[in-house]
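Me: I'm new to this one, so could you walk me through it piece by piece?
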Amino acid sequence: MQENQRTEVDTVVVGGGQAGLAMGYYLASQHRNFVILDENPRAGAAWRARWDSLRLFTPAKYDGLPGMPFPGDHLAFPTKDQLADFLEDYSRRFDLPLVLGARVDEVLQDADGFVVVAGEQRWHARNVVVATGGHQLLKRPDFANSLDRRIVQLHSTDYRNPQQFQQGPVLVVGLGNSGAEIALEASRTHQTFVAGKPSGELPVRHGRAGARFFLPVIRFLGLYVLTLNTPIGRKAAPGFKAMAAPLIRTRSKELRAAGIQMVSRVAGIDAGKPVLEDGTTLDVANVVWCTGYREDFSWLKLQDAGSLDHPRGVVESVPGLYFLGQEFQFAAASATLPGVGRDARYLAGVMASVRPATQRGITDRQRQPAEKRSA
């Protein structure tokens with residue numbers, strides 16, 4: 001690789017969602033020369049691609065990022081497009097060096113750090129922050145390929161609205177929050193089945209009253225009690241990583257009240273139709289796999305990387321490599337908007353303790369609330 005084919009920077013952040021942008025805020029505050037790479041055509045695009053009716057589970061008062069609160073009614077639950085707009089505004093307000101349409105193909109090591117390859121572009125950096133989250137590859141059972149081709153088959157990532165369904169019953173496989181919300185929406189126009197059991201359910205009704213009185217308690221637990229610094233947090237962490245989040249807005253009783261039939265787990269396919277653990281064959285016209293995602297870090301082509309263990313996001317076996325936005329990275333809230341900013345601040349502090357940088361930063365003018373800057 002020729003030197004003139006690559007750009008020299010202090011840090012490359014891979015992923016331009018809320019985690020990557022929060023990291024960018026703190027790197028800019030340290031006057032670091034850095035770049036944020038994202039494969040999407042615009043900031044917030046990953047949120048725009050979710051289903052049409054999606055709203056956040058956290059109220060606006062908890063949905064801001066470092067240096068910028070979420071605008072509007074602080075007890076409202078923003079839509080996915082409102083959050084996407086916020087992320088776009090955030091990157092502009094702080095003039096973050098976001099490179100869009102840059103899908104990282106591989107990260108290599110050399111004697112002085114890392115080489116990040118995205119198509120024809122190359123960056124050489126002392127630090128790399130992996131802020132892609134845990135949603136890289138879709139998960140669905142191998143037997144899904146045996147479904148009758150006449151059945152409309154979607155993963156939750158591909159679902160937008162019930163207009164994608166053909167006439168006939170809908171089977172939603174997986175009862176996490178995505179499965180519950182999609183099933184409830186499908187039930188308004190189609191007979192709907194849900195296969196699976198929730199890992200838990202919010203004990204109170206979700207909404208403005210909950211946002212005012214109950215969700216602050218949940219936030220406190222997720223940020224300060226269930227952490228890797230507490231015995232209860234360390235005990236809970238494996239379960240949080242292995243199981244889906246408990247049902248929050250749409251719970252089992254709401255599904256039953258909507259006429260949705262709760263069925264046992266899908267065990268396989270027979271003659272092109274889904275078969276349940278109890279032996280029942282479902283004659284459905286549509287299947288939505290709400291079966292989650294799995295991580296894929298095969299693009300990290302690193303020497304002696306071991307298992308890429310990263311206590312609080314720091315990969316001790318590979319100096320200069322960090323993770324951000326991972327499930328229970330430090331606390332139960334680490335992969336959420338309320339938690340990602342704190343983890344980003346911690347990683348920036350680690351970087352500063354290893355090697356400070358003094359090049360480019362956020363100005364005092366940028367830190368001011370938008371209404372003051374426009375006055």
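Reply: Happily, and let us begin with a single residue: this is a predicted model, and in it H31 counts as partly exposed, because its relative accessibility is 36% and so falls between the 20% limit for buried and the 50% limit for exposed.

Me: OK, and where is H31 found?
Reply: H31 is found in the loop between helix 1 and strand 2, the strand made of residues 34-38, and its place is just after helix 1.

Me: What is the phi of H31 near?
Reply: The phi of H31 is near 60 degrees, which is a positive value in a residue other than glycine. As background, most residues other than glycine have a negative phi.

Me: Where is R312, and what is its phi near?
Reply: R312 has its place in the loop between strand 16 (300-301) and strand 17, and its phi is near 55 degrees, again a positive value in a residue that is not glycine.

Me: Back to helix 1, then: how many of its residues are buried?
Reply: Eleven of the twelve residues of helix 1 are buried, so that the helix is mostly covered; among them are Q18, A19, L21, A22, M23 and Y26.

Me: What span should helix 1 have?
Reply: At 1.5 Å a residue, the twelve residues of helix 1 should span 16 Å, and because its end C-alpha atoms are 17 Å apart, the expected and modelled values agree.

Me: At what angle do helix 1 and helix 3 cross?
Reply: Their axes cross at roughly 20 degrees and come within 11 Å, which means that helix 1 is roughly parallel to helix 3, since the angle is under 35 degrees. The crossing of these two helices is left-handed, and the contact is made by Q18, L21, A22 and Y25 of helix 1 together with L87, Y90 and S91 of helix 3.

Me: How many nonpolar, polar and charged residues does that contact of helix 1 with helix 3 have?
Reply: The contact of helix 1 with helix 3 has five nonpolar residues, two polar ones and no charged ones.

Me: Switching to helix 9, which residues does it run over, and what should they span?
Reply: Helix 9 runs over residues 337-354, and at 1.5 Å a residue its 18 residues should span 26 Å; the end C-alpha atoms are 27 Å apart, which agrees.

Me: Which residues of helix 9 are buried, and what covers them?
Reply: The buried residues of helix 9 include L337, P338, V340, A344, L347 and M351. What covers the buried residues of this helix includes helix 1 (18-29), helix 3 (80-93) and helix 6 (215-225), along with strand 1 (7-14), strand 6 (121-130) and strand 17 (321-323).

Me: How do helix 1 and helix 9 cross?
Reply: The axes of helix 1 and helix 9 come within 8 Å and cross at roughly 40 degrees, and therefore helix 1 is oblique to helix 9, as this angle is neither under 35 degrees nor in the range of 65 to 115. Helix 1 passes helix 9 in a right-handed crossing. On the helix 1 side the contact is made by Q18, A19, A22, M23, Y26 and L27, and on the helix 9 side the residues include L337, V340, G341, A344 and R345. By class, the residues of this contact of helix 1 with helix 9 divide into eleven nonpolar, two polar and one charged.

Me: Is A344 buried or exposed?
Reply: A344, which lies in helix 9, is buried, because its relative accessible area is 0%. Leaving aside residues up to four places away in sequence, A344 touches A22, M23, Y26 and L324. The C-alpha atoms of A344 and L324 are separated by 6.8 Å, although these two residues are 20 residues apart along the chain.

Me: And helix 6, at what angle does it pack with helix 9?
Reply: Helix 6 and helix 9 pack at an angle of about 25 degrees, with their axes 10 Å apart, so helix 6 is roughly parallel to helix 9. Their crossing is right-handed, and the contact is made by R219, L223 and Y224 of helix 6 and P338, G339 and R342 of helix 9. By class, the contact of helix 6 with helix 9 has three nonpolar, one polar and two charged residues.

Me: Last one: where is T227, and what does it touch?
Reply: T227 has its place in the loop between helix 6 and helix 7 (231-242), and it is buried, since its relative accessible area is 3%. Not counting residues up to four places away in sequence, T227 touches G233, R234, F328, F330 and A331.

Note on methods. Residues are numbered from 1 along each chain as its sequence is written. This is a predicted model: local features need pLDDT of at least 70, side-chain atom pairs count only at pLDDT 80 or more; totals for chains, interfaces and linings use all residues. Side-chain values use heavy atoms; hydrogens and water are left out. Helices (H or I, at least four residues) and strands (E, at least two) are DSSP runs, numbered from the N terminus. The expected span of a helix is 1.5 Å times one less than its number of residues. Buried means under 20% relative accessible area, exposed over 50%, partly exposed in between (1.4 Å probe, protein chains only). Contact means heavy atoms within 4.5 Å. Axes are lines fitted to C-alpha atoms, for helices over the stretch in contact, and angles run from 0 to 180 degrees between N-to-C directions. Angles under 35 degrees count as roughly parallel, over 145 as roughly antiparallel, 65 to 115 as roughly perpendicular and the rest as oblique. A crossing is left-handed if the near helix is turned anticlockwise from the far one by less than a right angle, and right-handed if clockwise. Ala, Val, Leu, Ile, Met, Phe, Trp, Tyr, Cys and Pro count as nonpolar, Asp, Glu, Lys and Arg as charged, and the others, Gly among them, as polar.
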